[in-house]
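User: Please take a close look at the aromatic residues and the core around them. I would like one connected account.

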Amino acid sequence: EESTINVTLLPLVDKVVLAHAEVGSATHDPDAEEPDSNNKANISLEVTPVADVTVAVTPTSSTVLAGQTVSYQVTASNIPWTNSPYFPDFKGTAAKGVTIKYALQENMQLVSDDWVIQDGKAVYTFTEKLALGDSKEVTLKVKPVAAGTFNQNLEVVSIESDDPKSDNDTATMKLTASPAVDLELDAKTPVHESDVLVNDSVTYS
């Protein structure tokens, strides 16, 4: 005869969890004390971190001239849950591989040298974990090379963590680039080269 017991585990750490199960009986079991006894079982469970990561952005300016560099202060945060989908006291774990992605548009160039371009997006990955309740900042510098209005998008992902809440993973910012005009003044010889008296008008071409 065989009986099955279902056990539900809720790991609270983002690492490999080892579980041990053992069965016993009031009836004598001859191999219960053997090293390879079938009364015991070990389970290894690799736990994926779960974190609610968010992104926010603050521009230095919403209007620039074409060819000027604009800076954005980008903040990634790991927000503790107030209404956990698992159980009330679980607030989340540290987030691993937190990455910011910025969609590069036509006529917009990346200026920051600590970001890389992957699949048409500027990408920045934080090298350290983002602890629960913590925030980290990074500066994004871009340059519009032509006049126009740019509706820009940022996205945060946690490559090594699961984020079941995605409605706060993006941010948008609008930038207007005005045409840049290079004016030049060239003063030439007066049209009338004769002597000029006080209060006389002089015309330059």
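Analyst: The account below starts with the whole chain, then moves to the core, the rings and a charged pair.

This is a predicted model. The protein chain holds zero helices and twelve strands. From the N terminus on, its elements therefore read β-β-β-β-β-β-β-β-β-β-β-β, since DSSP runs define them. Of the 205 residues, 29% are buried. Take the contacts with a separation of 6 or more: 69% of them join residues 24 or more positions apart. The accessible surface of the chain is about 14100 Å², and carbon and sulfur atoms own 48% of that area.

Now the core. In soluble globular proteins, nonpolar side chains tend to be buried together. Here the largest nonpolar core has 29 residues. Tyr 72, Val 74, Ile 100, Tyr 102 and Leu 154 touch the most other members. Seven strands are listed as giving two or more residues to this core: E3 (52-59), E5 (70-79), E6 (98-103), E9 (121-125), E10 (135-144), E11 (148-158) and E12 (170-178).

Tyr 102 deserves a closer look. Leaving out residues up to four places away in sequence, Tyr 102 touches Met 108, Trp 115, Gly 120, Lys 121, Ala 122, Leu 140, Val 142, Gln 152, Asn 153, Leu 154 and Met 173. One of these partners, Trp 115, leads to the rings.

A pair of aromatic rings is described by the distance of the centres and the angle of the planes. The count here is two aromatic pairs. Trp 115 and Tyr 124 make a tilted pair, with 5.6 Å centre to centre and 45 degrees between the planes. Tyr 124 also pairs with Phe 126, this time edge-to-face: 5.2 Å centre to centre, 80 degrees between the planes. The pair of Tyr 124 and Phe 126 counts as edge-to-face because its 80 degrees lies over 60. Ring pairs thus link Trp 115, Tyr 124 and Phe 126 into a cluster. Trp 115 and Tyr 124 are both buried. Phe 126 has a relative accessible area of 9%, so Phe 126 is buried too.

Last, the charged pair. The structure holds one salt bridge. The side chains of Lys 136 and Glu 128 form it, at 3.7 Å from N to O. Lys 136 is partly exposed because its relative accessible area is 21%, and buried means under 20%. Glu 128 is exposed, with a relative accessible area of 52%.

Key. Residues numbered from 1 in each chain as written. Predicted model: local features only at pLDDT ≥ 70, side-chain atom pairs only at ≥ 80, totals over all residues. Heavy atoms only, no water. Core = buried A, V, L, I, M, F, W, Y, C linked by side-chain atoms within 4.5 Å. Buried < 20%, exposed > 50% of the residue type's maximum accessible area, 1.4 Å probe, protein only. Helix = DSSP H or I, 4+ residues; strand = E, 2+ residues; numbered from the N terminus. Contact = heavy atoms within 4.5 Å. Phe/Tyr/Trp six-rings, centres within 6.5 Å; stacked < 30°, edge-to-face > 60°. Salt bridge = Lys/Arg side-chain N within 4 Å of Asp/Glu carboxyl O. Areas by Shrake-Rupley, 256 points an atom, 1.4 Å probe, with all protein chains shown as cover.
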